[in-house]
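The following note sets out several points for a colleague who is beginning to read protein structures. Please keep the sequence and the model in view while working through them.

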Amino acid sequence: LFTPPAIASVVLNRATFNLTNGLQVLLAATPLDASGQAILGCHPITWSTANAALATVNQAGLVRGVAAGRVTITATVGTRTAQSSITVIAPATTPAK
């Protein structure tokens with residue numbers, strides 16, 4: 001019987017970034033063992049948003065900006081978490097002529 005290695009920490013590919021309202025970006029979470037080696041494919045990753053009115057995230061880690069503001073996205077693997085701080089910005093507007 002295979003027992004996956006214990007997870008010591010989780011890292012994200014982006015810790016902070018800006019996201020234009022209406023656009024999407026894919027976050028990736030990597031669980032690490034005690035020696036810092038990646039543990040791939042053994043543990044499910046659960047994604048959550050602190051405020052779905054500002055940004056949503058699906059279970060693949062795809063984040064979509066909904067409204068301007070600052071929001072935290074969390075990846076959870078077992079009892080370990082990692083967070084990304086996102087600032088959702090309004091799209092640039094073209095002045096009316």
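1. Ile 73 stands opposite Ser 84 in β9. This is a predicted model, and every point below should be read in that light. The strand β8 comprises residues 69-77, while β9 comprises residues 80-89. The two strands pair in the antiparallel sense over nine bridges. Another position to inspect along this pairing is Val 77, whose bridge partner in β9 is Arg 80.

2. What do β8 and β9 form, and how many residues lie between them? They form a hairpin with two residues between the strands. Gly 78, in the turn, has a positive phi of about 60°.

3. The hairpin strands belong to an open sheet of four strands, in the order β2-β9-β8-β5, with mixed pairing. At the edges stand β2 (16-20) and β5 (46-49); each has a single partner strand, so one side of each is left without a neighbour in the sheet. On average, neighbouring strands of this sheet are turned by 30° against each other, direction ignored. As general background, strands of a sheet pair through backbone hydrogen bonds, either parallel or antiparallel.

4. Both senses of pairing can be followed here. β2 and β9 run parallel and are joined by five bridges. Within this pairing, Thr 16 has Ser 85 of β9 as its bridge partner, and Leu 19 has Val 88 of β9. β5 and β8, by contrast, run antiparallel and are joined by four bridges. There, Trp 47 has Ala 75 of β8 as its bridge partner.

5. Which residues make up the covered face of β2, and which the uncovered one? Phe 17 and Leu 19 form the covered face, whereas Thr 16, Asn 18 and Thr 20 form the uncovered one. Phe 17 has a further feature: Arg 14 lies over the face of its ring, at 5.1 Å from the ring centre. As for pairs between aromatic rings, the count comes to zero.

6. The largest nonpolar core has 21 residues, and those with the most contacts inside it are Trp 47, Val 63, Ile 73 and Ile 86. At least two residues of this core are supplied by each of β1 (9-12), β2, β6 (55-57), β8 and β9. The largest share, four residues, comes from β8. In general terms, nonpolar side chains tend to be buried together in soluble globular proteins.

7. Ile 86 merits a closer look. Leaving aside neighbours within four places in sequence, Ile 86 is in contact with Phe 17, Leu 19, Val 63, Gly 69, Arg 70, Val 71 and Ile 73. Two of the residues named there, Phe 17 and Leu 19, form the covered face of β2. Val 63 and Ile 73, also named there, are listed with Ile 86 among those with the most contacts inside the core.

8. Is Ala 82 buried or exposed? Ala 82 lies in β9. Because a residue counts as buried under 20% relative accessible area, the value of 11% for Ala 82 places this residue in the buried class. Not counting residues up to four places away in sequence, Ala 82 touches Val 10, Val 11, Leu 12, Ile 73, Thr 74 and Ala 75. Asn 21 is 61 residues from Ala 82 in sequence and 23 Å from Ala 82 in space, C-alpha to C-alpha.

9. There is also an open sheet of three strands, in the order β3-β7-β6, with antiparallel pairing. β3 (24-26) and β6 stand at the edges; each has a single partner strand, so one side of each is left without a neighbour in the sheet. Neighbouring strands of this sheet are turned by 20° against each other on average, direction ignored. β3 is joined by three bridges to β7 (residues 62-65), and the two run antiparallel. In this pairing, the bridge partner of Gln 24 in β7 is Arg 64.

How values were computed
Residues numbered from 1 in each chain as written. Predicted model: local features only at pLDDT ≥ 70, side-chain atom pairs only at ≥ 80, totals over all residues. Heavy atoms only, no water. Phe/Tyr/Trp six-rings, centres within 6.5 Å; stacked < 30°, edge-to-face > 60°. Lys NZ or Arg CZ within 6 Å of the ring centre and 35° of its normal. Pairing = 2+ DSSP bridges. Axes fitted to C-alpha atoms, helices over the stretch in contact; angles between N-to-C directions. Buried < 20%, exposed > 50% of the residue type's maximum accessible area, 1.4 Å probe, protein only. Contact = heavy atoms within 4.5 Å. Core = buried A, V, L, I, M, F, W, Y, C linked by side-chain atoms within 4.5 Å.
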